[in-house]
Amino acid sequence: MKTVDSYNFAGKRALIRVDFNVPLNEKFEITDDTRIQATLPTIRKILADGGSCILMSHLGRPKDGPTEKYSLKHLINPLSVILGVSVKFADDCIGESAYDQATTLQPGEILLLENLRFYKQEEKGDVDFAEKLSKLGDVWVNDAFGTAHRAHASTAVIGQFFEDRICGYVMQAEIDNAQRILEHAERPFTAIMGGAKISDKILIIERLLDKVDNLIIGGGMTYTFTKALGGKIGKSLLEADKQELALEILKKAKAKGVNIIMPVDNVCADAFSNDANRQIVATGQIPDGWEGLDIGPETIALFEEVVRTSKTILWNGPMGVFEFPNFAIGTDAIAKAVVKATEENGAFSLIGGGDSASAINNAGYGDRVSYVSTGGGALLEYMEGKELPGVAALA
Ligand code: AMP
C-alpha cells in the first residue's frame, strides 16, 4: 500500500477523500473540528511537496440533492483560517466548472468540492459518478477512515481509475493502532464494552473473546445479560430476543478463560431524564418502574481496579446515558481510569470512535490516552475482521 510519506506529490493534484462530516450549529459554525484537525498532516505534507489538494467529503445525510444545511461551503472560511490558505470552492462536485477549477489548480492551492452526497450515486457506489470524480485529480488519497466500511463512489469505487492510490495519515494510523490491539496486545488486555445494544457489538465481542484477558461489560447492554441470568431489571433497556445470545457469550468466555466483569450496582432513575429521581440498586434488583442509566459506585471501583492493572485497553461504548450529566459519572470515572492506566502504568489505550470518542473528548481527556479513533462503525467492522472497501481499494 502506498503511503503519504513514500510518495512525492510535487506537481500533482491530489484528490483526497476526507471526512469533514463535522457537527455545525444553527449558525453553521463548526462545534467540533476534530475530524478536520485529524487530516491536516496529510494536506500539509502534500502542499509541502509542491502538490495541490482537491478535498472531497460528505456532510450529514442530505435526502434530496443540494440542501443549504448540508453545504460544504460553510467550511470554506474555517478551513482557510486553519490552513492559512485561501480555500477555493466548487459548488458542484462534478461537472465542467469543477473540472476547470481542478485542472487549473496550482501547487500550494486547495479546492474544496461541494457535498458528495448531493448525488445519490455517491452512496450507491456508482461507477460513472466515480469516474467523473476521478478526472479531477492525478492521484487519489483516501484519508476518510470513518467511511472506509462503505463501498461508496469516492471511498472505494474511485480507486480503479487511479494508478496511484495513497493511504492518508489518518487511515494509516487507524489501521496501525487497530492492528496493534488485535495482533500485538501486551497483557493483561482488557476490553471495555458499553453502549446501548448487544446486537451492535456481538461480532466484536465474539472476536475479542479470543484475544482479551478481561472483558468489562457496562452500559445499556448489561441489562439483557442480567435479565437472562434471572435478575430484575425494571424498565431498563432490554433486547428480549438477545438473552440466549448473552448467555452464550458468558459460556464462551468461561470456556476461553476470559474474565467477564459486569456491574454489581446501578444508578437507577424513575424516568428517562437527567432530572429523574435516582437511587443506587444492586444488580438484578431493580424495582418495577425504574431503569438503570449508569453504573454504581461499587461497580466503578471494581472496573477501575481491572483497568488500573491492564497493559492494553480497548474501550467502546459509554457506561451509561452519558448525555445526561447526572448519569455520566460512571463513564467519566472509567475515562479517568483509562487515562491513569495510560500515564502511570504505560498501558496502550485505544478509544473506539462514535460515542466513546465524544465521551472522552467531552471529559477533556482526548489527548491523554494513546489513540482516539475517528471511526465508529468502521473501527468495529475492522476489528470484527471484515475487509473494509475503503482500505481494500488502496491495495
Ligand atoms: P452505542 O452507540 O451502542 O455505543 O450506544 C451509545 C448510547 O448508549 C448512548 O447514547 C447512551 O446514552 C446509550 N446508553 C448507555 N447506557 C445506557 C443505559 N443504561 N440505558 C439506556 N441507554 C444507554
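**Exercise 1. The interface of the two domains**

Task: For this predicted model, determine how many residue pairs are in polar contact across the interface of domain 1 and domain 2, and describe that interface.

Solution. Step 1: Across the interface of domain 1 and domain 2, zero residue pairs are found in polar contact, counting pairs with both residues at pLDDT 80 or more. On the side of domain 1 that touches domain 2, the residues comprise two nonpolar, two polar and one charged.

Step 2: The number of salt bridges between domain 1 and domain 2 is likewise zero.

Step 3: About 560 Å² is buried between domain 1 and domain 2, and carbon and sulfur atoms give 65% of that area.

Step 4: The domain assignment places residues 2-168 in domain 1 and residues 185-383 in domain 2. Five residues from domain 1 and seven residues from domain 2 take part in the contact. The C-alpha centres of the two domains are 35 Å apart.

**Exercise 2. Three salt bridges**

Task: State how many salt bridges the structure holds, then examine the pairs K45 and D49, K256 and D210, and R308 and E305.

Solution. Step 1: The structure holds 17 salt bridges. Side chains of opposite charge can pair when their charged atoms come close.

Step 2: K45 and D49 form a salt bridge with an N to O distance of 2.6 Å. Because these residues are four apart in helix α1, about one helical turn separates K45 from D49. K45 has a relative accessible area of 17% and is therefore buried, the cut-off being under 20%. D49, at 22%, is partly exposed.

Step 3: In the salt bridge of K256 with D210, the closest N and O atoms are 2.7 Å apart. K256 belongs to helix α9 (residues 243-256) and D210 to the loop between α7 (198-208) and β9 (214-217), so this pair ties together parts that are 46 residues apart in sequence. K256 is partly exposed at 42% relative accessibility, whereas D210 is exposed at 55%.

Step 4: R308 and E305 form a salt bridge whose closest N and O atoms lie 2.8 Å apart. Helix α10 (residues 297-308) contains both R308 and E305, which are three residues apart, about one turn of the helix. R308 is partly exposed, with 47% relative accessibility, and E305 is partly exposed, with 40%.

**Exercise 3. Backbone features in two loops**

Task: Identify the kind of peptide bond that joins R187 and P188, and describe the phi of F28.

Solution. Step 1: The bond between R187 and P188 is a cis peptide bond, with omega about 0°. P188 is situated in the loop between α6 (169-183) and β8 (189-193).

Step 2: F28 is not a glycine, yet its phi is positive, at about 60°. This residue lies in the loop between β2 (13-17) and α1 (34-49). F28 has a relative accessible area of 28% and is partly exposed.

**Exercise 4. Two acidic residues**

Task: Decide whether E291 is buried or exposed, and decide the same for D367.

Solution. Step 1: E291 lies in strand β15 (residues 291-295). Its relative accessible area is 10%, so E291 is buried.

Step 2: With neighbours within four places in sequence set aside, the contacts of E291 include K235, S236, V267 and C268, together with A269, A271, F272 and I286.

Step 3: D367 lies in the loop between α12 (355-362) and β18 (371-372). D367 has 68% relative accessibility and therefore counts as exposed, the cut-off being over 50%.

Step 4: D367 and L215 are 152 residues apart along the chain, and 24 Å separates their C-alpha atoms.

Methods:
Residues numbered from 1 in each chain as written. Predicted model: local features only at pLDDT ≥ 70, side-chain atom pairs only at ≥ 80, totals over all residues. Heavy atoms only, no water. Helix = DSSP H or I, 4+ residues; strand = E, 2+ residues; numbered from the N terminus. Buried < 20%, exposed > 50% of the residue type's maximum accessible area, 1.4 Å probe, protein only. Domains from an automatic or database assignment. Contact = heavy atoms within 4.5 Å. Buried area = accessible area lost by both parts, 1.4 Å probe. Salt bridge = Lys/Arg side-chain N within 4 Å of Asp/Glu carboxyl O. Polar contact = N/O pair within 3.5 Å; in protein donor to acceptor, adjacent residues only side chain to side chain. Nonpolar A, V, L, I, M, F, W, Y, C, P; charged D, E, K, R; others polar.
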